[in-house]
Number of protein chains: 2
Amino acid sequence: MKIETPYLLFLGDAPDELAVKTARGVLQWRPERCLAQHRLPGCRVDLGLPEWSAAEAAARGARTLVIGVANAGGVLPDRWHPALQGALTAGLDIASGMHTHLASVPALAQAARRHRRQLHELREVGQPLRTGTGARRSGRRVLTVGTDCSVGKKYTALAIEGELCSRGVAVDFRATGQTGILIAGEGIAIDAVVSDFISGAAEALSPAAAPDHWDVVEGQGSLFHPSFAGVSLGLLHGTQPDAFVVCHVPTRTRMRGVEQPLPSVADCIEATLAAGRLTNPEIRCVGAALDTSRDRDPARALAELAAQIGLPVVDPLVTGVGPLVDRMLALS
Amino acid sequence: MKIETPYLLFLGDAPDELAVKTARGVLQWRPERCLAQHRLPGCRVDLGLPEWSAAEAAARGARTLVIGVANAGGVLPDRWHPALQGALTAGLDIASGMHTHLASVPALAQAARRHRRQLHELREVGQPLRTGTGARRSGRRVLTVGTDCSVGKKYTALAIEGELCSRGVAVDFRATGQTGILIAGEGIAIDAVVSDFISGAAEALSPAAAPDHWDVVEGQGSLFHPSFAGVSLGLLHGTQPDAFVVCHVPTRTRMRGVEQPLPSVADCIEATLAAGRLTNPEIRCVGAALDTSRDRDPARALAELAAQIGLPVVDPLVTGVGPLVDRMLALS
């Protein structure tokens, strides 16, 4: 899936910040791709971008309207249809991660055909997949793994990509979720892949590359999460990472949505090494990334864990990820 | 999904025995449903059944052509289309577990409509799924796991079902693959489930039951297989088995289709215990099941492994599975 940029961020009638997490993530990591916002009456969020109509955005070079707002159930409300139809008429593609497919709305399907525009359904895989082979391929890879869902795996991966980039290293961020795909402009929503093809999808996502090129692969779920561990394991095997970073929220006391206890970072390192060796015997942990935003003493949280695991520990949004990247580049 | 019997088993141009494990499995466990085989030029396998054309099979009472041959990726080769179209014309339904849907081939969809035949896609899940919860549920469960693909997980599960049945224990065989579904008449093809729902599908497959009821769940893949380990892990977590049996082929020297080394049975026990405790802290290994058909000294292979792992080791098709079931029923 390849999405044309730059974007017009559609916020609809978003009631609050939480509803525009996707738009906020794309803006945070790819501000240069976000030309403007488009809001409907009743919208209570402002990203601080210019307010453009679809026609104005198209005239100024925008290529895709991104639905940057989510709602419970992922249903595409009827009241959005005119604005979306207008975007197609103005010459924009549309990218959506809603459960309701854009193409299932007859007016949108028709307008897309008539104006030869693309409707990107981010929950669809959009390419034929093969089962994984487990064969080694050239190039270097780092994967962000987690003690739970929603612990900063995407942010950490993007911070590592930025750091590698700033050091002049050839690098690609490889997106495995909807927001990541909008940030990268391409990727595979790994949780939408048929389970037979999880590791094969991960192999396709980070193909063979030059020996000193790094793919930074966005992790999903956790080996310790009873809902999603299979996805996490297939992604680990297919990625065959040389390096991984454990992402963790030290103030979280329970795993999200389930009864299982949170594993420790050390448990997570051990399990990832054990499982990851299957497709890359040289796999190494290069450190941990904490979200310390709710910690009373962030510096202490970082130092304590670093002492525990004997590896660099950072908060990507506070300290940066320099020490992790140092370790990555020092791997033989 | 109601599949009409008896069957005509289609073997295509299968290169070897392992490619026809679906046909072989249905024949082994439901011989009364298998009237004949239908092969294409180049087929190197013979099930020992009469060789009938689709027309002959239909005339003699067959109702469904079962695609009994599989290949990596589950792609339906173009060279099979004429034979399948001929079966529909002759008045047979078709049942297929390939990833490629029969109905996606225009000639087959058209022929099915014209002749009012059913196209059974065994990989269709046929029920809405949820993500797994990891919550404990009542009833007892045993899962067959493996050191590789194609090591007897389904056979062992069916043998355990038979043994429990003969001892008067309430039991259900829970099918997770196409052959199992053809044998059981229901089930979920776990490798066709969207990856977000693997463990949720396993939870739906073996729902809460009476405390002394056993579900015997057909395992898939291997935690050590780089193509399918994610499926195996999600199935393990969703099944939350009280007991598991490791299936293994002692004469196999390499993992099927990939470069990774075969794990030992002991490795497999250890990895399954470690991963399985996430959703059932009481998980126990009750023994191993070997396919000793290519062993020079089967009795010795069984005895050696039993001494190594300190647990009962059987060949389900030779010795039966009594000692495994003894252990299962003795679990507190």
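Through which surface do the copies meet, and why can we say so? Good morning, everyone; that is where I'd like to start with this predicted model. Of the interface residues of chain A, 97% are also interface residues in chain B, so the two copies meet through the same surface.

Let's look at how the copies are related. Chain A superposes on chain B after a rotation of 172 degrees, with a shift of 1.4 Å along the axis. The RMSD of that superposition is 2.7 Å.

Now, the interface itself. On one side, 30 residues of chain A take part, and they are in contact with 31 residues of chain B. If you look for elements of chain A that give two or more residues to this side, you will find α7 (198-205) and α8 (229-239). The largest share comes from α8(A), with six residues. As for the chemistry, this side of chain A has 13 nonpolar and 13 polar residues, along with four charged ones.

Let's go inside. The largest nonpolar core has 200 residues. Among those with the most contacts inside this core are A:Leu8, A:Val26 and A:Val142, and from the other chain B:Leu9, B:Ile94 and B:Val142. Please zoom in on A:Val26 for a moment. Setting aside neighbours within four places in sequence, the contacts of A:Val26 include A:Tyr7, A:Leu9, A:Cys34 and A:Val66, and also A:Leu182 and A:Ile183.

Next, a sheet in chain B. Here six strands form an open, parallel sheet, in the order β7-β8-β6-β9-β10-β11. The edges belong to β7 (171-174) and β11 (313-314) of chain B; each has a single partner strand, so one side of each has no neighbour in the sheet. At the β11 end, two bridges join β10 (residues 284-290) of chain B to β11(B), and these strands run parallel. One residue to click on is B:Ala289, whose bridge partner in β11(B) is B:Val314. Lying across β10 and β11 of chain B you'll see helix α10 (residues 298-309), which runs at about 160 degrees to β10(B).

My last stop is back in chain A, in the loop between α7 and β8 (214-217), where A:Asp212 has its place. Is A:Asp212 buried or exposed? It has 11 C-beta neighbours inside 10 Å, so A:Asp212 counts as exposed. Beyond neighbours within four places in sequence, A:Asp212 is in contact with A:Arg140 and A:Ala170. A:Val169 is 43 residues away from A:Asp212 along the chain, yet their C-alpha atoms are separated by 7.9 Å.

Thanks for listening, and I'm happy to rotate the view for anyone.

Note on methods
Residues are numbered from 1 along each chain as its sequence is written. Chains are lettered from A and ligands numbered from 1 in the order in which they are written. This is a predicted model: local features need pLDDT of at least 70, side-chain atom pairs count only at pLDDT 80 or more; totals for chains, interfaces and linings use all residues. Copies are superposed by least squares on the C-alpha atoms of residues with pLDDT of at least 70 in both. Two residues are in contact if their C-beta atoms, placed from the backbone, lie within 7 Å. A nonpolar core is a set of buried Ala, Val, Leu, Ile, Met, Phe, Trp, Tyr and Cys residues joined through C-beta atoms within 7 Å. A residue is buried if 20 or more other C-beta atoms lie within 10 Å of its own, exposed if 12 or fewer, and partly exposed in between; C-beta atoms are placed from the backbone. Two strands pair if DSSP finds at least two bridges between them. Helices (H or I, at least four residues) and strands (E, at least two) are DSSP runs, numbered from the N terminus. Axes are lines fitted to C-alpha atoms, for helices over the stretch in contact, and angles run from 0 to 180 degrees between N-to-C directions. Ala, Val, Leu, Ile, Met, Phe, Trp, Tyr, Cys and Pro count as nonpolar, Asp, Glu, Lys and Arg as charged, and the others, Gly among them, as polar.
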